[in-house]
Amino acid sequence: PPPRRVLLLGEGNFSFSAALCGARGSGHLVATCYESEEEAAGRGGAARSIGRLRDRGAEVVFSVDCTKLKEHFSPGEREFDRIYFNFPHCGRKAGVAKNRQLLAGFFHSCTEVLAQEGEIHVALCNGQGGTPADRPRREWHNSWQIVAVAAAAGFVLSHVHPFQAETVDGYKCTGYRSQDKSFCVEGALNHIFTRSTAPLCFTPMSCKTQLGSQNVSFQVPQELVDKINRGFLEADSSHPVRTIKEKLSAGLSQAFPLQNISSSLPLLLQGHPPGVCPSSIFWITLGPGEAPSTEEMSQGLANTVLFPHSGQDTEESVQGGCPVPKQFYLRPSLLPHAQAIIKERTFSPGTLQVLSGPVFRKCRITPHSMPVFHEMLLVLAVSRGTENSCIQMLVDNIQTTINSLHQGISGIKPSISLQETTSLGTELNDFAAFEQQLGEIEGWLCVGTEADPSGCCVGAVRTAPELAVVSASLNLDLLAMLLCAISDWRMLWTRDRRFLRQFPQGELRLFKSFSLYPPSYVHDVSFWLPDGEEFDEVAFHTLARRVSAEMVVSIRLRDSFQQPGTGRRSLCYRVTFQSCDRALGSREAAEMQLRLREELQQHLGVTLR
């Protein structure tokens, strides 16, 4: 909607506000300048522009300090839908540091007068902003660092485009070094900022699920509090993950009868998953009265999977006269559920069974590694001896369906290929054995785009001749990223409503980020390892996710040192903090780094250097 109230700051000769006042849909204008009326009227053409503004019903206010906006307007007149500040400057020969301070005070002041969904327009000369949009781009330390300065006040850069002075009728820039002189605006940029969502406050959360025939509740791990029970796959969801799942189902239904069996699958499994490192699992402790008995578990076998505890059975064992509680964990895949249903022989031969839902894995921080994602598992019972032809038919139909998904999305041309297991290196080693529960992996489904021809693994295909079953699993979140050009997996989980507004129900579109060029903050952490112990990097990365609320985008080993004589080992890591959807300031990132250092010492037993 067009703005109702517009505030213009730092007007020199008021020619910009006078031109805007005559524009259609400009709203009620309040034009201001820092100087007194007498000083402002002395500038060439200012008196004429001021008269024009007043004749058209605009307000003209003088001696307005852009860092103290609240003081200049009464409570009922403090909400503006748009704020313009063209070519701010401290005056005379002020350097970049002083101008950063000016912008910092301005943005903090805007928090008190900007409408909730309002915009701040800041025009800067070429190179001043310090963003990749500047041509040429200045060195960071020599720029005004406008995105980082705005982030400290809770704003994100949502658009940036050329400031075309020649299109503003009658506009004449003035104020060069506080004089009535013009300055060069060639290559100038208009930066449009919007409010960021507030930082999330993670309070302890309980979740209910079914285990066997019993409903139980459990404490959700802190790093997953914002990701559990989000309902992305529910019928009323417009999330692209659900749209892709529905379109895949519709496409596959052209070749196979389909049966969805996802609604009653519990989040928890019991025992220890085979071939998986314990540090890669989200372990859950149930209360003394919560854990169901083995009899109750077996009554709901189709809804529950039990794994043995390293040679022990699934009953509680006794150590030192005290019972050891059963082990439960968040499901890292839907494969065990499919395996349990196959053993119950509830699969109809020739019918493609579809299981879908979120799965949870502790993992290292990389662009495509997610601690939670939505898996779509396709299982087909076949006649013995036809496994190879059936798996090829299933793969062909998956490829055809994925290819059809991009047709309504201009700019994306995915290529789908089935790659050999060995070509993917160690990317999926942490769960390699677990992934083969439903048969030997025949290959990995990879989707490449024009931007990334090499592709990204989005799933696996398997054959299990002994069960007469073929299957394929797909990572719906990765597919959504590739098909909708979403560069950061965290954006799929944002609470900012501007994300889902871009995806009408049932449609896939190219995503346009509402937070451009987010600032990043680099910190190093160095520590001594406990004597004789290997360092668990997955635990380190998981701790960083929790402490930073997923604001860490990279952890890289910089140095490893072994002390002569003692043999003590020291590691140094570089940690990069960056948000994809909300404002993250340098002070907040520094506080996260301090908490990370404290938690490392407390939970991983290292000694900080």
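Me: In this model, how many bridges join β5 to strand β7, and in which sense do the two run?
Reply: The model is a predicted one, and in it strand β7 covers residues 189–195 and lies beside β5 as a paired strand. One position of this pairing is Ala 123, whose bridge partner in β7 is Asn 190. The two strands are joined by 6 bridges, and their sense is antiparallel.

Me: Which residue in β5 stands opposite Tyr 84?
Reply: Strand β5 also pairs with strand β4, residues 80–86, and here the sense is parallel, over 6 bridges. Within this pairing, the residue of β5 that stands opposite Tyr 84 is His 121.

Me: How many of the 11 residues of strand β5 are buried?
Reply: Residues are called buried when their relative accessible area is under 20%. Strand β5 spans residues 114–124 and is largely enclosed by the rest of the structure, because the number of its residues that are buried is 8 of the 11.

Me: Is Glu 117 buried or exposed, and which residue does Glu 117 meet in a salt bridge?
Reply: The relative accessibility of Glu 117 is 56%, and since the cut-off for exposed is over 50%, Glu 117 counts as exposed. In its salt bridge the closest N and O atoms are 3.2 Å apart, and the partner of Glu 117 is Arg 501. This pair links distant parts of the chain, with Glu 117 in strand β5 and, 384 residues apart from it, in the loop between α11 and β22, Arg 501.

Me: How many residues apart are Arg 82 and Glu 119?
Reply: The side chains of Arg 82 and Glu 119 meet in a salt bridge, at 3.5 Å from N to O. Arg 82 is partly exposed, with a relative accessible area of 21%, and Glu 119 is likewise partly exposed, at 23%. Arg 82 belongs to strand β4 and Glu 119 to strand β5, so that the pair links distant parts of the chain, and the separation is 37 residues.

Me: Which strands stand at the edges of the open sheet of 7 strands?
Reply: This open sheet has mixed pairing and follows the order β10-β16-β17-β21-β20-β19-β18. Each edge strand has a single partner strand, so one side of it is left without a neighbour in the sheet, and the two strands in this position are β10 (258–260) and β18 (415–419).

Me: Which residue in β19 stands opposite Ser 415?
Reply: Strand β18 pairs with strand β19, residues 440–448, in the antiparallel sense over 5 bridges. In β19, the residue that stands opposite Ser 415 is Gly 448.

Me: What angle does the direction of helix α6 make with that of β17?
Reply: Helix α6, residues 240–252, packs on the sheet and touches β10, β16, β17 and β21. The direction of helix α6 makes with that of β17 an angle of about 10°.

Me: At about what angle does helix α9 run to β21?
Reply: Helix α9 takes in residues 387–405 and lies across β16, β17, β18, β19, β20 and β21. Its angle to β21 is about 25°.

Me: Is Lys 245 buried or exposed?
Reply: The side chains of Lys 245 and Glu 246 meet in a salt bridge, at 3.5 Å from N to O. Glu 246 is partly exposed, with a relative accessible area of 31%. The relative accessibility of Lys 245 is 10%, and since the cut-off for this class is under 20%, Lys 245 counts as buried.

How values were computed:
Residues are numbered from 1 along each chain as its sequence is written. This is a predicted model: local features need pLDDT of at least 70, side-chain atom pairs count only at pLDDT 80 or more; totals for chains, interfaces and linings use all residues. Side-chain values use heavy atoms; hydrogens and water are left out. Buried means under 20% relative accessible area, exposed over 50%, partly exposed in between (1.4 Å probe, protein chains only). Helices (H or I, at least four residues) and strands (E, at least two) are DSSP runs, numbered from the N terminus. Two strands pair if DSSP finds at least two bridges between them. Contact means heavy atoms within 4.5 Å. Axes are lines fitted to C-alpha atoms, for helices over the stretch in contact, and angles run from 0 to 180 degrees between N-to-C directions. A salt bridge is a side-chain nitrogen of Lys or Arg within 4 Å of a carboxyl oxygen of Asp or Glu.
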